[in-house]
Amino acid sequence: MTRTRAGVTMVVERLVARWAAKDTAGLSRLFADGVRWWTAPVPGAPWPVEARNPREVESFFLAFRAVLELTGITTRGLVVDGPDAVLTGRLHARVQTTGTALSYDFAIAVSVHGGLVTEFRMYADTLAIARALAQDVPPVSP
C-alpha cells in the first residue's frame, strides 16, 4: 500500500466514523477551503446542495441531522486510485418528525490532497429520501 493510498483510506475512514458518531464539527474539519462539492438535490430536503468550505460542510451535515437521525452506516466497498476514492454502502436513518425508518444505498466519491477532502460527490437514492420526507412523491412510472 502506498503512502498516498493509506492516507486517502484513512481520511475516508475518518469521514465515515465522524458521520456515524454525529460529529459534525469534526467531520467538517476533514474538508479543505474551496472544496468542490456536489450532492443530488432532494425535493423537500432542507440541506444545501452546495458547500465551498468547512463551515458550509458543517451546515450541510447539521441540516441533514435535523431531518434524519442517522442510525447506522454500512460500508460495502472502497476503491482508492491515487488521491481519489469511491466508497459504497448503505445509510440507515429515521425521519425526525415521523419516525419513519429509511435505508438507502449511496456512493461517495472524494479527492484528498494534503490530508483534506478537496472534492466530495454524494450519490444517493433521492427518490427514497424524498418519499420518506414527504409521503406524496408520485411514483416513477405508472
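Is Gly44 buried or exposed? In this predicted model, Gly44 is exposed, because its relative accessible area of 67% lies over the cut-off of 50%. The briefing below begins with the fold as a whole, and then turns to one helix, to the cavities and to two single residues.

**Overall fold**

- The protein contains four helices and five strands, and, read from the N terminus on, these elements follow one another in the order α-α-β-α-β-β-β-β-α.
- The radius of gyration of the protein is 15 Å, which is close to the 14 Å that the globule rule gives for 142 residues, so the protein is as compact as a globular protein of that length.
- Taken along the principal axes, the box that the C-alpha atoms of the protein fill is roughly 50 × 30 × 25 Å.
- Of the 142 residues in the protein, 37% are buried.
- If one considers the contacts between residues at least 6 apart in sequence, 48% of them join residues that are at least 24 apart.

**Helix H4 and its buried side**

- Helix H4 spans residues 126-133, and its buried residues are Ile129, Ala130 and Ala132.
- These buried residues are on the same side of H4, because they cover an arc of only 160° around the axis.
- As background, an α-helix has 3.6 residues a turn, so residues three or four places apart point the same way.
- The partners against which the buried residues of H4 pack are three strands, namely E3 (84-95), E4 (101-113) and E5 (116-124).

**The largest cavity**

- When the whole structure is searched, two cavities of 30 Å³ or more are found, and the largest of them has a volume of about 80 Å³.
- The residues that line the largest cavity include Thr39, Ala40, Val42 and Trp47, together with the aromatic residues Phe60, Phe64 and Tyr104.
- Met122, Ala124, Thr126 and Ile129 also belong to the lining of the largest cavity, and Ile129 is one of the buried residues of H4 as well.
- Helix H3 (54-67), strand E5 and helix H4 each supply at least two residues of this lining.
- Sorted by class, the lining of the largest cavity has nine nonpolar residues, two polar residues and no charged ones.

**The second largest cavity**

- The second largest cavity has a volume of about 40 Å³, and the residues lining it are Val12, Leu15, Leu87, Ile108 and Val110.
- Two elements, helix H1 (3-20) and strand E4, give two or more residues each to the lining of the second largest cavity.
- The lining of the second largest cavity consists of five nonpolar residues, with no polar and no charged residues.

**Two single residues: Thr118 and Gly44**

- Thr118 lies in strand E5, and it counts as buried because its relative accessible area of 18% is under the cut-off of 20%.
- Once neighbours within four places in sequence are left aside, Thr118 is in contact with Ala32, Gly34, Val35 and Arg36, and also with Ser111, Val112 and His113.
- Gly44, the exposed residue of the opening question, is placed in the loop between strand E1 (31-39) and helix H3.
- Although Gly44 and Ala130 are 86 residues apart along the chain, their C-alpha atoms are separated by 6.4 Å, and Ala130 is one of the buried residues of H4.

Note on methods: Residues are numbered from 1 along each chain as its sequence is written. This is a predicted model: local features need pLDDT of at least 70, side-chain atom pairs count only at pLDDT 80 or more; totals for chains, interfaces and linings use all residues. Side-chain values use heavy atoms; hydrogens and water are left out. Buried means under 20% relative accessible area, exposed over 50%, partly exposed in between (1.4 Å probe, protein chains only). The arc is that of the directions from the helix axis to the C-beta atoms. Contact means heavy atoms within 4.5 Å. On a 1 Å grid over the protein atoms alone, a cavity is a set of points where a 1.4 Å probe fits but cannot get out, and a pocket is an open set with protein on both sides within 12 Å along at least five of seven lines; lining residues have an atom within 4 Å of a point. Grid points are joined across faces, edges and corners, and a volume is the space filled by probe spheres set on the points. Ala, Val, Leu, Ile, Met, Phe, Trp, Tyr, Cys and Pro count as nonpolar, Asp, Glu, Lys and Arg as charged, and the others, Gly among them, as polar. The radius of gyration is taken over C-alpha atoms; the globule rule is 2.2 Å times the number of residues to the power 0.38.
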